[in-house]
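User: I am new to this structure and would like to understand its empty spaces. Could you walk me through them?

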Amino acid sequence: MIVIDAGSPTPPYEQLRAQLARQIQDRSLAVGTRLPTIRRLAADLSLAVNTVGRAYRELEEAGLIETRGRAGSFVSAAGEPALEQARRAARDYAAFIASVGIDHTEAIRIVEAALAVTGSPGTDR
Amino acid sequence: MRQADHTEVKQWLTQRGLADVEPTPLLATRLAVRRHAKVADSLLLAAFLIGAALTHALSLPAGGTSWLPLLVLAALVVGLLVAQWLLGGWVRRADQRAGGELPRRVAHPVELGWRAVLGRPHAMFAIATFAGALLLALSVLPIADATLRNGAVVVLIGLAGTGVGIVLQLRQVLASPAVAEDEASLTADVIMRVEDARALVTPSLVWSLPAIFLYGESLGWWNAVSVALVVAGVIALCLVQFKTADVGTTARRAMATR
C-alpha cells in the first residue's frame, strides 16, 4: 500500500519514491511485478503526473525499476544486486570500524546519521 | 453521518468480511451513489422492456414490412445503452469528487488487471452468454418471417451495443482512480470494483433481448432456445458464483502483491 499524506513535510514524490523503494527492497513487490502506469498512479494518489514521473525516474536511476516501453514499468532484478552491493559495502565498513577501534554503538550511530542526511527509503529527510 | 447510513455501511462491511472496520462518510457517500445508480438502472431496464414490448406489439399487425418500428426499437436500445453509460460515468465522477476531498490518499502499488478484479470464470460466463444470444439471433435471420427477421436485427444491434458498452464500462471500472484514505477503505475500494465489474457482466439485457424480439407470427424453436438460454444462463451464473470466491476474498487476493 502507498500512502501520500498531504500534510507531511516530505515532498509527495519523495514519499512515493521511498515507499516503493522500501517495498522493492523488502520483497513486498517481487521482481517482475508490473507497477501502475504513471498516469494511473497519479490519479489514484491525486498527484500531478510529473510528481509520479519524478519518483519513477529516480527509482529507475537507482536500478530498482525498469521501463519497458509501452509495456510499462516493472520491478527490476537489479534490486537484488543492489542489495548485495549494500551488504558488501557494510562488510567493508564493519572491517574499517574494527580496524580503527570504534565501538558498535558509535558505528551504528554514524550510519544512522549518514542515512538521515542522504534520505534512505522510508525515512523522512 | 446519519445513523441510518452508519447502520447500512456497517452491514455492508460486515457482509464482506470487514466487520472490524468503522464506517466512514467516504464509504457512506460511495455506497449511496451505487444504491441510487442501481435503482435508476433497474428503472431504465424496466422502461426499456415496456417500451420495446409496446413498439413490437403495435407493429405486429402491419406484418413487419415497415422500417419505422425497427428504427424505434434500435433507438430504444441505443438510448438505454447511452443512459447506462451516463449512469456509470455519474458513479465514477461521484467517487472522484469524494476522493478529491481526502487529505490523505492511499493506492495499491500493483496494477489490478481484469483477471484479478473480474476473474476468468465471470469473464468466460459473460462471453458464453453473449455468444449464445448472438448465435441464436444469427440463426434466426434466414427464416422467412419478416417480423422475426426484424427482431433478430434489433437483437444483433442490441448485443453489439451492449458488448461495446460493457467493454468500455469495464475499462472505466478498472482504470478509475482508487478512492481510499487507509488500508480498510482501499480494501473496500477494491471490493466495490469487483462488485461493479461482476454486476456489469451479469446479463440482463442480453437475456431480455432474444426473449422479447425473437417472437414472430408463430412459436418456433427460437422461442424455446431463447428461454433455454436464460435458464442455462441462470444455472451457470449460480454455479460461477458458488464456485468462485466471494467479493471480499477476491478483493483481498487482488490486493496481495506477491
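Here is a short talk about the pockets and cavities of this predicted model.

User: What makes the largest pocket a pocket and not a cavity?

Analyst: A cavity is closed to a 1.4 Å probe, whereas a pocket is an open set of points. The largest pocket holds about 1400 Å³ of space, and it is called a pocket because its set of points is open.

User: Which residues are closest to its centre?

Analyst: Happy to list them! Of the 48 residues lining the largest pocket, B:Lys38, B:Glu195, B:Asp196, B:Ala199 and B:Leu200 are the closest to the centre. Helix H2 of chain B, residues 25-59, gives the most to this lining, with eight residues.

User: How do you know how many lining residues of the largest pocket are charged?

Analyst: Asp, Glu, Lys and Arg count as charged, so B:Lys38, B:Glu195 and B:Asp196 belong to that class. In the whole lining, 12 residues are charged, 20 nonpolar and 16 polar.

User: How many cavities are there?

Analyst: Four cavities reach 30 Å³ or more. The second largest has a volume of about 70 Å³, so it passes that cut-off.

User: Why is B:His108 counted as polar in the lining of the second largest cavity?

Analyst: B:His108 is one of the residues of that lining, and His is on neither the nonpolar nor the charged list, so it counts as polar. By class, the lining has six nonpolar, one polar and five charged residues. H7 of chain B gives the most, with four residues.

How values were computed. Residues numbered from 1 in each chain as written. Chains lettered and ligands numbered in written order. Predicted model: local features only at pLDDT ≥ 70, side-chain atom pairs only at ≥ 80, totals over all residues. Heavy atoms only, no water. 1 Å grid on protein atoms, 1.4 Å probe; cavity = no way out; pocket = protein on both sides within 12 Å on 5 of 7 lines; lining within 4 Å. Helix = DSSP H or I, 4+ residues; strand = E, 2+ residues; numbered from the N terminus.
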